[in-house]
Amino acid sequence: MARLAQTAGLTDVQQEILKTVREFVDKEIIPVATELEHRDEYPQQIVDGLKELGLFGLMIPEEYGGLGESLLTYALCVEEIARGWMSVSGIINTHFIVAYMLKQHGTQEQKDYFLPRMAAGETRGAFSMSEPGLGSDVSAITSKAVKDGDEYVLNGQKMWLTNGGTSTLVAVLVRSDEGHPEGTAPHKSMTTFLVEKEPGFGEVRPGLTIPGKIDKMGYKGVDTTELIMDGLRIPANRVLGGVTGRGFYQMMDGVEVGRVNVAARGCGVAQRAFELGVSYAQQRHTFGKAIAQHQAIQFKLAEMATKVEAAHAMMVNAARKKDSGERNDLEAGMAKYLASEYCKEVVEDAFRIHGGYGFSKEYEIERLYREAPMLLIGEGTAEIQKMIIGRRLLEEYRFQG
Ligand SMILES: Cc1cc2nc3c(=O)[nH]c(=O)nc-3n(C[C@H](O)[C@H](O)[C@H](O)COP(=O)(O)OP(=O)(O)OC[C@H]3O[C@@H](n4cnc5c(N)ncnc54)[C@H](O)[C@@H]3O)c2cc1C
């Protein structure tokens, strides 16, 4: 985009990476995205291309075969990719969260074993907190792990795993009572297990079933699944970090960086909607002139572009805060909340600008219209973001009277 969503202060390397990704998006993703999405087809060729570009290892340290880039670089790449097709950014996002959790919290053996494979895109990550009975309220998790010798036996049902079928490594959050007596706070009795599995559907490992793809209104192409554990045996050395009871904190850390990426996705989808809207508005004529010349439509474009700019600035701020080593829960929550709400609004305005044609599957905006709502839900709903923001604000601005 010529003028909007520019980022000041990028290094030459960051600019080079972004240019490469943008060219890939324009050439390899945008021309095929809508057709693949309508067929709900996994974009294997695109994923292979991203692997070749090294995007699966973008934030993995160089010593493990990755590119060792910052969260900001990663988020800006996600923004570009989502501009092309949001589902593709979903394919790398859960992989990225699992790699981040391993980098931050894994034992040395876990890092040495998993990170090089993840950087090469051979091992592909998914993460699993949600269950059929809960999403926002993670502390209510009922799936359980019970120690049995050198192993844990896992039972329970998980819901909404992005990349549940295509992944080969799932970070699964369950309750583990071992070492945590009755009455321990719920978030202190949870453990993340690193569960390796075959890709695909059905029984992908003894005791582990991925039933099939959930049929969704949008965000197609990427598979979203359930996961059923029935006597699943996991060795003790696959407890993330080697110690039980830390899973909740590890997952929340992962989700915090994930939120920056959902914000980045919102920015990317909104940018594409703006591009489609501003282009259509100059081609469609009513009452003797291009609709872009009617002030009502110009005002819409002005509002859309302002939202694209504001969301981008907040997303970049949240990523930079994390990169500086500071906690960014407030900024990430604000960025995710604003970018997803603005994305929905910009997409709706672009849809309105298209008139009746926006309702036709021949136009790209129809796909964006079905994709935007997912960003209001994933990595914590708007209400949950506001709860996080509100709590932090009350801590920061404690009444001193
Ligand atoms: C396409 C898709 C992909 C997903 N991928 C993953 C994944 O890879 N891994 C994973 O673990 N999960 C994933 N999820 C699950 C997602 O994180 C949850 O759907 C989300 O957290 C909301 O949980 P819920 O659906 O159970 O809604 P609920 O928690 O039941 O909430 C329902 C409504 O109540 C509101 N609400 C809840 N509690 C409060 C409160 N205290 N105050 C005010 N309002 C409240 C919510 O904001 C929402 O509007 C995915 C979901 C979708 C749709």
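This is a short tour of salt bridges, a ligand site and two backbone spots, to follow in your viewer. Keep in mind as you click that the model is predicted.

**Stop 1: a bridge between two helices**

Start by selecting Asp 26 and Arg 83. Their side chains form a salt bridge, with the closest N and O atoms 2.9 Å apart. Asp 26 belongs to helix H1 (residues 12-39) and Arg 83 to helix H3 (residues 71-84), so this pair ties together parts that are 57 residues apart in sequence. Try colouring the two partners by accessibility. Asp 26 is partly exposed at 38% relative accessibility, whereas Arg 83, at 5%, is buried.

Stay with helix H3 and select Glu 80, which lies in it. Is Glu 80 buried or exposed? Its relative accessibility is 11%, and since the cut-off for buried is under 20%, Glu 80 counts as buried. Now show what surrounds this residue: leaving aside residues up to four places away in sequence, Glu 80 touches Leu 18, Val 21, Arg 22 and Val 25.

**Stop 2: a neighbouring pair**

Go back to helix H1, the stretch of residues 12-39, and pick Lys 27 and Glu 28. Their side chains meet in a salt bridge, at 3.6 Å from N to O. Lys 27 is exposed, with 62% relative accessible area, while Glu 28 is partly exposed at 33%.

**Stop 3: helix H9 and a wider network**

Next, jump along the chain to Arg 367 and Glu 364. These two form a salt bridge as well, with 3.4 Å between the closest N and O atoms. Both sit in helix H9 (residues 364-371), and being 3 residues apart there, they are separated by about one helical turn. Arg 367 is buried, at 1% relative accessibility, and Glu 364 is buried too, at 15%.

Which residues are joined to this pair through shared salt-bridge partners? Select Arg 22, Asp 26, Glu 80, Arg 83, Arg 272, Glu 275, Glu 364, Arg 367 and Glu 371 together: salt bridges that share partners make them one network. The pair from Stop 1, Asp 26 and Arg 83, is part of that network. In total, the structure holds 33 salt bridges.

While you are in this part of the chain, highlight residues 245-394. An unreviewed UniProt entry lists them as "domain: Acyl-CoA dehydrogenase/oxidase C-terminal". The chain over this range is 75% helix and 3% strand, and its end C-alpha atoms lie 28 Å apart.

**Stop 4: around the ligand**

Now centre on the ligand. There are 16 residues around it, and the nearest are Ser 130, Ser 136, Trp 160, Thr 381 and Glu 383. Show distances for the polar side chains. An N or O atom in the side chain of Ser 130 is 2.8 Å from a ligand nitrogen, and a polar side-chain atom of Ser 136 is 2.6 Å from a ligand oxygen. Add Thr 162, where a side-chain N or O atom also lies 2.8 Å from a nitrogen of the ligand. Taken alone, the ligand exposes 970 Å², and the protein buries 64% of that area.

**Stop 5: two positive phi angles**

Finish with the backbone. Trp 160, one of the residues that come nearest the ligand, lies in strand S3 (residues 151-162). Its phi is near 60 degrees, a positive value in a residue other than glycine. Trp 160 is partly exposed, with 49% relative accessible area.

Then select Asn 163, in the loop between S3 and strand S4 (169-176). Phi of Asn 163 is near 65 degrees, again positive in a non-glycine residue. Asn 163 is buried, with a relative accessible area of 2%.

Methods. Residues numbered from 1 in each chain as written. Predicted model: local features only at pLDDT ≥ 70, side-chain atom pairs only at ≥ 80, totals over all residues. Heavy atoms only, no water. Salt bridge = Lys/Arg side-chain N within 4 Å of Asp/Glu carboxyl O. Helix = DSSP H or I, 4+ residues; strand = E, 2+ residues; numbered from the N terminus. Buried < 20%, exposed > 50% of the residue type's maximum accessible area, 1.4 Å probe, protein only. UniProt positions renumbered as here; feature names shortened; annotations may be inferred. Near = heavy atom within 4 Å. Polar contact = N/O pair within 3.5 Å; in protein donor to acceptor, adjacent residues only side chain to side chain. Areas by Shrake-Rupley, 256 points an atom, 1.4 Å probe, with all protein chains shown as cover. Contact = heavy atoms within 4.5 Å.
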